[in-house]
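Visitor: I should like to understand how the terms used for a protein model are justified. May we look at the structure together?

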Amino acid sequence: MDTISRRRLLEGAVVGASGLAALTAAADEASAAPVASPGKPSGKDAEWANFRFPLGQQKAKLYEGGSAQEATVAEFPISEGIAGVSMRLKPGGLRELHWHTNAAEWAYIISGHCRTTVFDPDGGSEVLDFGPGDIWYFPRGYGHSLLGVGPDECQFILSFDNGAFSEFATFSISDWIGHTPPEVLAKSFNVPASTFNSFPKREVYIAQGAVPGPLPADPAAASEHVSPLTHRYHLMAQRPTLSFPGGTFRLASVKEFPISTTMAGATLLLDPGAMRELHWHPNANEWQYYVKGRARMTVFGSTGRASVVEFGPGDVGYVPRGFGHSIENIGNEACQAILTFDDGNYQEISISDWVAATPRQILATNFGVPESTFANFSDRDLFIAGGGK
Ligand code: MN
Ligand code: MN
């Protein structure tokens, strides 16, 4: 893919009518959002920040129907803008009806199948099944639940656009009902108070129930009021947004996935030796989950601060907004990373593209070297470099 068509893709020259509405909503959301502070500071020589968190090695919160591990700013201090969770649901395991007050939810299915319900403020609802490579997005505050549908355990990665979000402090329906006087429940539901005698008194979080049957072929049959924008996107079923000899990049920004106004997500696949070149994101923090393979990330945080970090399966990485970074496959097998960003619009500037667009005389003066030094530099964006056979 040449530079021009790449730019066209990333800048989203094609925006449908529904996409425009979503883009406007994204802009409103962004201007209202608090400004995240830049990464952890100080100490030019010392360990100035930790960019890796071994999520897969954390103690899981265990239930009969499933489990969850989380990475919030409390465990992983650099990750002020985005939190994450690795969750597993057994067939029939139900992450109960709940909502969040302080973050939207983005998810990627690694293995197995699950079913979500989501209910929005306009009374729209959607019941959808998800398989490997699918993603969902639930706007902040929308009611939702997650159910393992089998036949195998379902593992998925959740990402939230607020580092302070905790999966273990959500607003769960059992917790609410269990802490509300029965006479209030009776009036609210218009049923006898005794109805609630056998309801749980504390948060259920994950319940184990029967394995559900298939959904009706027509999803609209599940609800009279289907949401105007779907919460599901088959990310890995799409042709790569960008394809190179050394790897691929699949993007789900608000342009591809209109409901996802506050977050963009992507998967990066790198062959051995291939590298996502030095770049930065002007508008968003980047959260990473490494699914498979081994990677080396470099991070540059100004004033001489720089780090080299290595990742393996189950690790989480984080790059504060504007920090320079690269990701290289240093293993012998394919490396896959799931990337999320706390802005629905995807923006990036790659160093090869920037240098190619700068007059050579300026580069020569900048570095104090002859202009001929740049004769063999790429005249366009590399994006993913190396790794080609
Ligand atoms: Mn949730
Ligand atoms: Mn990046």
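Guide: In this predicted model, Gly-93 touches Gly-65, Leu-146, Leu-147, Gly-148, Ala-207 and Gln-208, leaving aside residues up to four places away in sequence.

Visitor: What makes these residues contacts of Gly-93?

Guide: Contact requires heavy atoms within 4.5 Å, so each residue in that list counts as touching Gly-93. One of them, Leu-147, is 54 residues from Gly-93 in sequence, yet the C-alpha atoms of the two are 5.7 Å apart.

Visitor: Why is Gly-93 called buried?

Guide: Gly-93, which belongs to strand E5 (residues 93-99), has a relative accessibility of 0%. The term applies under 20%, and therefore Gly-93 is buried.

Visitor: How do you know which residues are the protein donors of the manganese ion (ligand 2)?

Guide: A donor is an N, O or S atom within 2.8 Å of this metal. His-279 (NE2), His-281 (NE2), Glu-286 (OE) and His-325 (NE2) lie 2.0 to 2.2 Å from the ion, so they qualify as donors. Their spacing in sequence is H-x1-H-x4-E-x38-H. Glu-286 in strand E19 and His-325 in strand E23 are 39 residues apart, a pair that links distant parts of the chain.

Visitor: Why are Glu-286 and His-325 described as buried?

Guide: The limit is again under 20%. Glu-286 has a relative accessible area of 1% and His-325 has 0%, so both are buried.

Visitor: What lines the largest cavity?

Guide: Its lining includes His-279, His-281, Glu-286 and His-325, as well as Phe-249 and Tyr-346. By class, the lining has six nonpolar, three polar and two charged residues.

Key
Residues numbered from 1 in each chain as written. Chains lettered and ligands numbered in written order. Predicted model: local features only at pLDDT ≥ 70, side-chain atom pairs only at ≥ 80, totals over all residues. Heavy atoms only, no water. Donors = N, O, S within 2.8 Å, 3.2 Å for Na, K, Ca; no water. Helix = DSSP H or I, 4+ residues; strand = E, 2+ residues; numbered from the N terminus. Buried < 20%, exposed > 50% of the residue type's maximum accessible area, 1.4 Å probe, protein only. 1 Å grid on protein atoms, 1.4 Å probe; cavity = no way out; pocket = protein on both sides within 12 Å on 5 of 7 lines; lining within 4 Å. Nonpolar A, V, L, I, M, F, W, Y, C, P; charged D, E, K, R; others polar.
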